[in-house]
Amino acid sequence: MQSALRPNDVCGRYGGEEFVVMLPGATIEAAFVIAERIRNGFASLPIAFGDDRLWSSVSAGVASATSAAMSLDAIMKVADDCLYSAKALGRNRVERPAKLPETSPAAIVRIAWAALTGSPGSWPAWSAMIRSASRARPS
């Protein structure tokens, strides 16, 4: 993911399989392009799992501050709404607000990553592996 970002951008985990990318000084259009670059990067890298190849998908919501006074919570709410929109519209896509700000002091990309697509024969093995990992997780 880091290779898709600019030098001053910051990426971090935000929950289980979700990430947030902060893009200082980026317009919403630049944030959209970066989010698409991340999505395409994940989609093009198969994960080997035994004899199967699994493919990742990324759904992302893009938002930007409408003013320097806009709170981080407010920007995250917009990014979150766009992320859920991307999931509702079929996943593996990037969504942004319908009404775009003219200028932006910063943009945020909220990303949900999923790697559970592959041949149907791999699902029982994945299920067993996930159950095993959850039991082994320390409390």
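Okay, so two strands count as paired if DSSP finds at least two bridges between them. Keep that in your head, because we'll use it for strands S4 and S5. And one caution before we go on: what you see above is a predicted model.

So, S4 and S5. They pair in the parallel sense, over two bridges. If you want a spot to look at, find Gly61, which stands opposite Glu95 in S5.

S4 has another partner too. Strand S3, residues 47-49, is joined to S4 by three bridges, and these two run antiparallel. Here the spot to find is Ala48, opposite Arg53 in S4. S3 and S4 make a hairpin with two residues between the strands, and in that hairpin Gly50 takes a positive phi near 65°.

Now, is S4 enclosed or open to the outside? Well, S4 covers residues 52-64, and 10 of its 13 residues are buried, so the rest of the structure largely encloses it.

Okay, on to charges. In general, side chains of opposite charge can pair when their charged atoms come close. How many salt bridges turn up in a search of the whole structure? Five. I'll walk you through some of them.

Let's begin with Glu18 and Lys87, whose side chains meet at 3.7 Å, N to O. Glu18 sits in strand S2, residues 18-24, and Lys87 in helix H2, residues 72-88, so this bridge ties together parts that are 69 residues apart in sequence. Are these two buried or exposed? The cut-off for buried is under 20% relative accessible area. Glu18 is at 10%, so it's buried. Lys87 is at 19%, and that counts as buried as well.

Next up, Glu29 and Arg96. Their side chains form a salt bridge at 3.0 Å, N to O. This pair also links distant parts of the chain: Glu29 is in helix H1, residues 28-43, while Arg96 is in the loop between strand S5 and strand S6, 67 residues apart. Glu29 is partly exposed, with a relative accessible area of 38%, and Arg96 counts as partly exposed at 29%.

And here's one inside a helix. Lys77 bridges to Asp81, with the closest N and O atoms 2.9 Å apart. Both are in helix H2, four residues apart, so about one helical turn separates them. Asp81 comes out as partly exposed, at 40% relative accessibility.

That's my tour, thanks everyone!

How values were computed. Residues numbered from 1 in each chain as written. Predicted model: local features only at pLDDT ≥ 70, side-chain atom pairs only at ≥ 80, totals over all residues. Heavy atoms only, no water. Salt bridge = Lys/Arg side-chain N within 4 Å of Asp/Glu carboxyl O. Buried < 20%, exposed > 50% of the residue type's maximum accessible area, 1.4 Å probe, protein only.
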